[in-house]
Amino acid sequence: MPQDEVEVVDLIAGTNAIEKSVVVKGTRSCYTSRIVELLFWLYDNEEHRNVLSQNCRDRMCKTEKQDNEYDERIRNGQLRTKSGKKSRAQPGQRNRTRECLRNLVRGMDRRDSSKCPIILTELTYKLLTKYMSTKFKLVTVDKKSAVKFLNEVKALGDNGDNGDHAIILDKEDANVNSDNEVLVKIRQEYTTYEGIRSIVAHMHRESGLVVPQDLDAMMAVYVKGSRRLNLLAKQTLGLKISEGKEHMTFEVYSKIARILFESGQPEHIFAHLFFILDWNLMKRAENCNTCMISHIRFEEDCLVFQFAKSKGAQDGEDHLGPWHVYSNPLEPHICPVLALAKYIITYPSVLSGKVPLFEGSDPYNRYTKIFCKVIKDNMDELRRLGVSHGDLGTHSSRKGVATLVAAGCTASPPIVSICLRAGWSMGGVKERYFRHERAGDRYVGRCASCLDQSSKDFAVSCPYFDFTGIKDSSARLERKKLVQKWLMDRIPIDKIESHVYNVLKFCFASICYHYDTLQERLDASCLVLNSTFMIGLPKEIRECAKVAYPWTKTCDTPTFTGIPPHILILAELEELKMKFTQLTESMRKGLNEELNERGVGGSEYHTNKILQAISNLESKCMNTTCMNSTHEHSESRIVDLGVVDDSFHLIDEDDKFDELDTAIIESNNYEEAQVRKKRKRDEISSSLKKQKVTVGLVKGKLTTVRRDFKFVAMTTEQLIHHWFLGDKSKNIVPFCRLCAHDVKHLEQKNAKKILNKMGRFMDVIERYGRMANCWLEKKSEWSPQYVSLLWLNIGNAFINKYFANKQSAAWGTVHNAMLKRGCYKAKREDCKSDEEWNFSINNASATMQPLIRSIKNAKRARVSATATNRSTAHRATVTVEVGSGDGVASAGDYSRVNAERRISDLGRSTNHRATVVV
């Protein structure tokens, strides 16, 4: 292909795909599952098999035999997993037949009705009602009530010709708990039968046919009658009146959000954000599936979301948005901005905007499983809040927030804004005349964030960076640059859009504002605490994150939006109150100064001041003595090496002193050598003083690692950061500085094994880092910026491409994938294929291309040769050039030890440069 031509990928959908898109993916999947159930029922009842097409019967018969053979292997214990263990699969699942039927349903064509798995002309009303009568549920009710309702049903003229009673006494299990209770069969909710009616219409539509009018009319009557009969059953039998899931109260919402917020499980970070957005956006949970970071922006003081469509408006139109989501800094566990911030700093790859906000093929299904498990595990606590088993579902939050916003206060937002935000139909005329307006949606957004609508705190701003407290303009500018540099050094993408960076900045401000809360309330193993954005976060940055109110705003405060008039009046009253307080304090202070200046009160005033000062000094001395006494009796002893600093300055002292020796050798005369020696020693002394490591005495030995320290789960990028930089705020030295001796005293039993596994994992990272030419030899040279650069170069190009199926994969998962790929195979004979050997870090020819580096002195050449030799198990070719390159003094192929010795000997006697060829 010529260089000036660009390959164009055709993404224009075909006719069939366009026609299929009329029914959305979620609805189509639901239809498919229900049709498969109908096909199974028809096949299992031999008298109805003739309703199935010949192709469907043949394929079901074939796959049924395969399922029977599979079930027989399970029963005999012959089915094994890949690791050789006995499979936990259960017989009777009919998975092969089920998948076959799904494919048949998906293959229906509007132009060829014969592809439908059911002969639609044979699908009669009598057959469908017989199938619908199989949909029932068992409940325990009072015996007298059951008999009374059964008589009422018979009075309607139902003689039970089809076994189609609305309620049938189960004679075998009549006595359940006592003589007064019976177990009965009762029809399911009318929505079940409405769903069967819908799949009949769907099959006709997908086959290019029209539902017969008489069939559709009779089914409509059947569904309507089922609904009324169910209501009568509920009234007579004393059953639950409402249908579907219950709405979620604010107390339950807060409880579930707190559980997800404080959890240390990685999947709960995703679930917490999904749950909070589901509540605040008032959309169906499925809408969050397609959310992209590029569709989110920060506008004034809130997040703004846009969606292409909703269930009630498949064509988009009036339901595009924008939808405003507000922060709630007063309740961190339900704050949408903080939830988004936690997710972004844990998985910063979403900032590229090229991937969905939630990774995976079906985030909604993933969220549903987590949500149901949280409900099940915490049912005892939720029961005290009035929740019963089966009351809550993913739809409950939508019902709950709509109820809270519309009826949670006497001054609620307009119902039009609520309906538009939730995607509810208001009728043809109202939808034509009532339109979306930002002011109404902003008020709804503030209410949905659960701010108190009757309090002045309703007007609180989102966390933001306020630099007005810094009086010096140059210092203010430096602080702004510090915040920007901290963010840019930790973004693992080469280019970020301006509106995405703005979202990141406000999210980071929320992290800084809630920093202490996160440290206190989050589980120690939470990935958020191990994020590169959180580790070693300077206090100077955290202090700039603030919230404001209309009466405390500054020039840096974002514009307040979504505040109703009654809150503005409360804000003005609060501002007046604050001014009165300041005026009173100013008058009192001025009066005191005037009285003191005139000496009112005589010498007694000065005497009281002196006595008060003595009393304060005495209290201070007593406190100091108590603190010293407490430290003397402390069980552990702390040794402070160096001065306080915000980051580790750990350097290799051997490198510094070798540089000192080199400086002396390179000097031509004694006086110059002494000057260089003194200057170098001062530099070394200054560097060493910057080192600060707090160590403790454990079992008679000094160590930098506390006994209760644990290696927690981390992503690959977080592990790389901890490997080279550690965490200064928690006194965790870089993992690369640790050895087995440093962790053998830990309570975590497999700590040595984990550290060893980390070292092997980093060997692979080093390999790809060298291949990408972004690896630093000295451990002390690594910084957050270099770590982000390393991950930017090798993350998608190597690690995610070969070893991880998603950006957020834990390093342990990636390590297991490396094992399977053969990254740690020692010899070619141990590998099953050439591909495994190519992945091995011990394959010198495959792991690295020739790496040539010019290094200023022999010491660095020796270090480079040694490090390269150690990591790739090969020999080093060392060439030393004398002076400015007049000739080659020595060249040859050496082993590691001889190469070190040769360079060292030449380095002591010549002024040279060394080139190491690996």
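Which residues gather in a patch of positive charge on the surface? They are Lys 699, Lys 701, Arg 707, Lys 744 and Lys 752. This is a predicted model.

## Overall build

The chain has 918 residues, and 45% of them count as buried. It contains 34 helices and 15 strands. Take the contacts between residues at least 6 apart in sequence: 70% of these join residues at least 24 apart. The exposed area of the chain is about 49700 Å². Carbon and sulfur atoms supply 50% of that area.

## Two surface patches

Lys 699 belongs to the positive patch. Its place is the loop between strand S10 (693-698) and strand S11 (701-703). The relative accessible area of Lys 699 is 68%, so this residue is exposed.

A nonpolar patch also lies on the surface. It is formed by Ile 569, Leu 573, Leu 576, Phe 580, Leu 583 and Met 587. Together these six side chains' residues have about 640 Å² of accessible area. One of them, Leu 573, sits in helix H22 (residues 565-598).

## Buried positions and their contacts

The contacts in this section leave out residues up to four places away in sequence.

Ser 53 lies in the loop between helix H2 (25-44) and helix H3 (54-75). Its relative accessibility is 12%, so Ser 53 counts as buried. Ser 53 touches Cys 116, Pro 117, Ile 118 and Ile 119.

Thr 716 is part of helix H26 (residues 716-725). Its relative accessibility is 4%, which is under the 20% limit for buried residues. Thr 716 touches Phe 761, Ile 765, Trp 791, Ile 799, Ala 809, Trp 811 and Val 814.

Leu 790 is in helix H29 (residues 784-802). It is buried, with a relative accessible area of 0%. Its contacts are Ile 720, Ile 765, Gly 769, Cys 774, Trp 775, Trp 782 and Gly 795. Ile 765 thus appears among the contacts of Thr 716 and of Leu 790.

## Positive phi angles

Asn 773 is 17 residues from Leu 790 along the chain, and their C-alpha atoms are separated by 9.0 Å. Asn 773 lies in the loop between helix H28 (751-771) and H29. It is not a glycine, yet its phi is positive, about 60°. Is Asn 773 buried or exposed? At 58% relative accessibility, it counts as exposed.

Met 282 also has a positive phi, near 60°, and is a residue other than glycine. It lies in the loop between helix H10 (266-281) and strand S4 (296-299). Met 282 is buried, at 0% relative accessibility.

## A mostly covered helix

How many of the eight residues of helix H15 (residues 415-422) are buried? Seven are. They are Val 416, Ser 417, Ile 418, Cys 419, Leu 420, Arg 421 and Ala 422. These buried residues pack against H10, strand S6 (323-325), helix H14 (396-407) and helix H17 (438-448). Gly 423 follows H15 and has a positive phi, near 80°.

## Salt bridges

The structure holds 32 salt bridges. Three of them are listed here, with N to O distances.

| Pair | Distance |
|---|---|
| Asp 44 and Arg 94 | 3.2 Å |
| Arg 102 and Glu 99 | 3.1 Å |
| Glu 194 and Arg 197 | 3.6 Å |

The side chains of Asp 44 and Arg 94 meet in a salt bridge. Asp 44 lies in helix H2 and Arg 94 in the loop between H3 and helix H4 (95-106), so the pair ties together parts that are 50 residues apart in sequence. Asp 44 is partly exposed, at 45% relative accessible area. Arg 94 is buried, at 18%.

Arg 102 and Glu 99 are three residues apart in helix H4, so about one helical turn separates them. Arg 102 is partly exposed at 27% relative accessibility, and Glu 99 is partly exposed at 35%.

Glu 194 and Arg 197 both lie in helix H7 (residues 190-206). They are three residues apart, about one turn of the helix. Glu 194 counts as partly exposed at 27% relative accessibility. Arg 197 is partly exposed, with a relative accessible area of 22%. Elsewhere, salt bridges that share partners join Arg 297, Glu 299, Glu 300, Arg 438 and Arg 442 into one network.

Note on methods:
Residues are numbered from 1 along each chain as its sequence is written. Side-chain values use heavy atoms; hydrogens and water are left out. Helices (H or I, at least four residues) and strands (E, at least two) are DSSP runs, numbered from the N terminus. Buried means under 20% relative accessible area, exposed over 50%, partly exposed in between (1.4 Å probe, protein chains only). Contact means heavy atoms within 4.5 Å. Accessible areas come from the Shrake-Rupley method with a 1.4 Å probe; for residues, only the protein chains shown count as cover. Patches are made of residues with over 30% relative accessible area and no salt bridge: like charges are joined within 9 Å, nonpolar side chains (Val, Leu, Ile, Met, Phe, Trp, Tyr) within 5 Å. A salt bridge is a side-chain nitrogen of Lys or Arg within 4 Å of a carboxyl oxygen of Asp or Glu. Lys and Arg count as positive and Asp and Glu as negative; His and the chain ends are not counted. The place of a charge is taken as NZ of Lys, CZ of Arg, CG of Asp or CD of Glu.
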